[in-house]
Amino acid sequence: ISFFEAVQSLARRYGINLPERNMSPAQKKVVSQRQQLFDLNRQVMSFFTGQLSDHSSGQIVRSYLEKRGFTQEIITQFGLGFAPDGWDNLVGFFRKLNISQSLAINSGLIVPRQNKGYYDRFRNRVIFPIFDVTNQIIGFGGRVLDDSKPKYLNSPETPVYNKSRSLYGAHAAKKKSRET
C-alpha cells in the first residue's frame with residue numbers, strides 16, 4: 001500500500017480524523033473511485049456470504065466446504081461466500097442498489113456481453129474475498145464446484161487490485177508474522 005493509504009488505515013483504526021489535503025480534481029477522483037470500489041466490494045462480499053447462508057442454494061456449497069475441512073470459524077474469518085448459478089445475479093444486485101454502470105464495470109465483477117448488456121464474472125463458484133493488509137476487500141477469487149473450466153478464477157486487475165502486489169491471506173497472517 002502507499003504511504004498515504006497506510007496513514008489512512010492507521011487513522012481509521014484509531015478513530016483519528018485526518019485533515020483534508022489539497023488535491024487536484026484528478027487526484028480527488030482517483031481517491032474517490034478507490035473508496036467507492038472498496039465500499040462496493042464490501043457490499044458484494046455481503047451478497048456472496050448471504051448466498052452461502054441461504055438454505056436452498058447454499059446448502060450444497062456448505063456441504064462441499066465441510067467435506068474439504070472448512071469449519072464455520074474459517075468460513076466466517078475469511079468471509080467465504082457463494083456466487084449462485086445464473087448470468088445476472090450480481091448485475092441485478094447492482095441494479096437494485098443503483099450502482100453506476102461505470103463503477104460496476106471498474107470493479108471487474110461484471111463483463112460486457114458481445115451484443116448488449118452485462119453478465120456476472122463469477123457463477124456457481126465458492127467465493128474467496130481477497131483482502132489487502134488493511135482489511136480492505138480488493139478482489140475476489142472463485143472455485144468451481146464441479147469439473148468446469150477454469151477451475152479457479154480471480155478478479156481482473158482493477159484500480160484497487162493488482163495481482164502481482166497481492167497475496168491471498170496476508171491480512172490473516174499479519175499478526176502471526178509479526179510474532180514470529
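Leaving aside neighbours within four places in sequence, which residues is S107 in contact with? The contacts of S107 are L37, L40, F94 and T158. This is a predicted model. The points below cover its sheet, two buried residues, a residue in helix α2 and a surface patch.

**The sheet**
- Four strands form an open sheet.
- Their order is β1-β4-β5-β6, and the pairing is antiparallel.
- The edge strands are β1, residues 81–83, and β6, residues 152–154.
- Each edge strand pairs on one side only.
- On average, neighbouring strands of this sheet are turned by 35° against each other, direction ignored.
- Strand β5 spans residues 137–144.
- Three bridges join β5 to β6, and these two strands run antiparallel.
- G141 has its bridge partner in β6, and that partner is N154.

**A83, in an edge strand**
- A83 sits in strand β1, one of the edge strands.
- Its relative accessibility is 0%, so A83 counts as buried; the cut-off for buried is under 20%.
- Leaving aside neighbours within four places in sequence, A83 is in contact with F48, F122, R123, N124, R125 and I127.
- A83 and N22 are 61 residues apart along the chain, and their C-alpha atoms are separated by 41 Å.

**S107, in a loop**
- S107 lies in the loop between α6 (101–106) and β2 (110–112).
- S107 counts as buried because its relative accessibility is 6%, and buried means under 20%.
- Among the contacts of S107 is T158, leaving aside neighbours within four places in sequence.

**Q43, in a helix**
- Q43 belongs to helix α2, which covers residues 25–53.
- Is Q43 buried, partly exposed or exposed? Q43 is partly exposed, with a relative accessible area of 33%.
- Q43 touches F93, L97 and I99, not counting residues up to four places away in sequence.
- One of these, L97, is 54 residues from Q43 along the chain.
- The C-alpha atoms of Q43 and L97 are separated by 9.6 Å.

**A nonpolar surface patch**
- Which residues form a nonpolar patch on the surface? L10, Y14, I16 and L18 do.
- Together they have about 410 Å² of accessible area.
- L10 is placed in helix α1, residues 3–13.
- With a relative accessible area of 44%, L10 is partly exposed.

Definitions and conventions. Residues are numbered from 1 along each chain as its sequence is written. This is a predicted model: local features need pLDDT of at least 70, side-chain atom pairs count only at pLDDT 80 or more; totals for chains, interfaces and linings use all residues. Side-chain values use heavy atoms; hydrogens and water are left out. Two strands pair if DSSP finds at least two bridges between them. Axes are lines fitted to C-alpha atoms, for helices over the stretch in contact, and angles run from 0 to 180 degrees between N-to-C directions. Patches are made of residues with over 30% relative accessible area and no salt bridge: like charges are joined within 9 Å, nonpolar side chains (Val, Leu, Ile, Met, Phe, Trp, Tyr) within 5 Å. Accessible areas come from the Shrake-Rupley method with a 1.4 Å probe; for residues, only the protein chains shown count as cover. A salt bridge is a side-chain nitrogen of Lys or Arg within 4 Å of a carboxyl oxygen of Asp or Glu. Buried means under 20% relative accessible area, exposed over 50%, partly exposed in between (1.4 Å probe, protein chains only). Contact means heavy atoms within 4.5 Å.
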